[in-house]
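Work through the exercises below with the sequence and the model open. Each task is followed by a solution in steps.

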Amino acid sequence: LGITSGVDELRRLQRRVEWALNAAGFAAEEHGFSPHLTLARLKAPPDVVAAAALATSAQRQGGRGLVRVDSVQLMRSVLRPCGPEYAVIERFSLRGSQ
């Protein structure tokens with residue numbers, strides 16, 4: 001899902017994170033930053049039941065696209081032949097944000 005509001009702020013945050021990671025010895029990403037929200041990952045062939053549930057949920061929201069975010073998680077993803085494996089490294093609370 002593409003992001004349309006707060007893009008400049010997200011890009012500034014991304015640059016700061018990348019700069020800090022680079023200073024810590026991590027290589028910069030090879031591809032450009034594209035602010036987005038991943039709603040779901042469906043295996044190929046697509047899981048028809050999961051896709052239908054996602055579409056139904058979106059319809060219930062009335063297409064508003066409003067989601068309250070109260071935390072951010074730093075995730076590790078390892079790509080394996082059977083699919084990606086995810087683990088939460090740390091969770092950051094956004095308490096006090098509106």
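**Exercise 1: Contacts of V78**

Setting aside neighbours within four places in sequence, V78 is in contact with G83, P84 and E85. This model is a predicted one.

Task: State which strand holds V78, and decide whether V78 is buried, partly exposed or exposed.

Solution.
- Step 1. V78 has its place in strand β1.
- Step 2. The relative accessible area of V78 is 27%.
- Step 3. Buried requires a value under 20% and exposed a value over 50%. V78 therefore counts as partly exposed.

**Exercise 2: The strand pair**

Task: Describe how β1 and β2 pair, and find the residue of β2 that stands opposite Q73.

Solution.
- Step 1. Strand β1 covers residues 71-80 and strand β2 covers residues 83-93.
- Step 2. The two strands run in the antiparallel sense and pair over ten bridges.
- Step 3. The connection from β1 to β2 is a hairpin through two residues.
- Step 4. Opposite Q73 stands R91 of β2.

**Exercise 3: S77 across the pair**

Task: Locate S77, give its exposure class, and list what it touches beyond four places in sequence.

Solution.
- Step 1. S77 is a residue of strand β1.
- Step 2. With a relative accessibility of 45%, S77 is partly exposed.
- Step 3. Not counting residues up to four places away in sequence, S77 touches E85 and Y86.
- Step 4. For A87, the C-alpha distance to S77 is 6.6 Å, with a separation of ten residues in sequence.

**Exercise 4: The salt bridge**

Task: Which side chains meet in a salt bridge, and how many salt bridges does a search of the whole structure find?

Solution.
- Step 1. Side chains of opposite charge can pair when their charged atoms come close.
- Step 2. The cut-off to apply is a nitrogen of Lys or Arg within 4 Å of a carboxyl oxygen of Asp or Glu.
- Step 3. For the side chains of E85 and R80 the N to O distance is 3.3 Å, and they meet in a salt bridge.
- Step 4. Searching the whole structure gives one salt bridge.
- Step 5. As for exposure, E85 has a relative accessible area of 43% and is partly exposed. R80, at 41%, is partly exposed.

**Exercise 5: S71 and L94**

Task: Compare the exposure classes of S71 and L94, then set out the contacts of each residue.

Solution.
- Step 1. S71 lies in strand β1, while L94 lies in the segment after β2.
- Step 2. S71 has a relative accessible area of 18% and is buried. L94, at 31% relative accessibility, is partly exposed.
- Step 3. Between S71 and L94 there are 5.0 Å in space, C-alpha to C-alpha, and 23 residues in sequence.
- Step 4. Beyond four places in sequence, S71 is in contact with R91, F92, S93 and L94. The side chains of S71 and R91 are also joined by a polar contact of 3.4 Å.
- Step 5. Under the same exclusion, L94 is in contact with V69, D70, S71 and V72.

**Exercise 6: The span of helix α1**

Task: Check the span of helix α1 against the value expected at 1.5 Å a residue.

Solution.
- Step 1. Helix α1 takes in residues 7-23, which is 17 residues.
- Step 2. From first C-alpha to last, α1 reaches 24 Å, close to the expected 24 Å.
- Step 3. After α1 comes G25, with a positive phi near 100 degrees.

Notes: Residues are numbered from 1 along each chain as its sequence is written. This is a predicted model: local features need pLDDT of at least 70, side-chain atom pairs count only at pLDDT 80 or more; totals for chains, interfaces and linings use all residues. Side-chain values use heavy atoms; hydrogens and water are left out. Buried means under 20% relative accessible area, exposed over 50%, partly exposed in between (1.4 Å probe, protein chains only). Helices (H or I, at least four residues) and strands (E, at least two) are DSSP runs, numbered from the N terminus. The expected span of a helix is 1.5 Å times one less than its number of residues. Two strands pair if DSSP finds at least two bridges between them. Contact means heavy atoms within 4.5 Å. A polar contact is a pair of N or O atoms within 3.5 Å; within protein, one must be able to donate a hydrogen and the other to accept it, and residues adjacent in sequence count only if both atoms are side-chain atoms.
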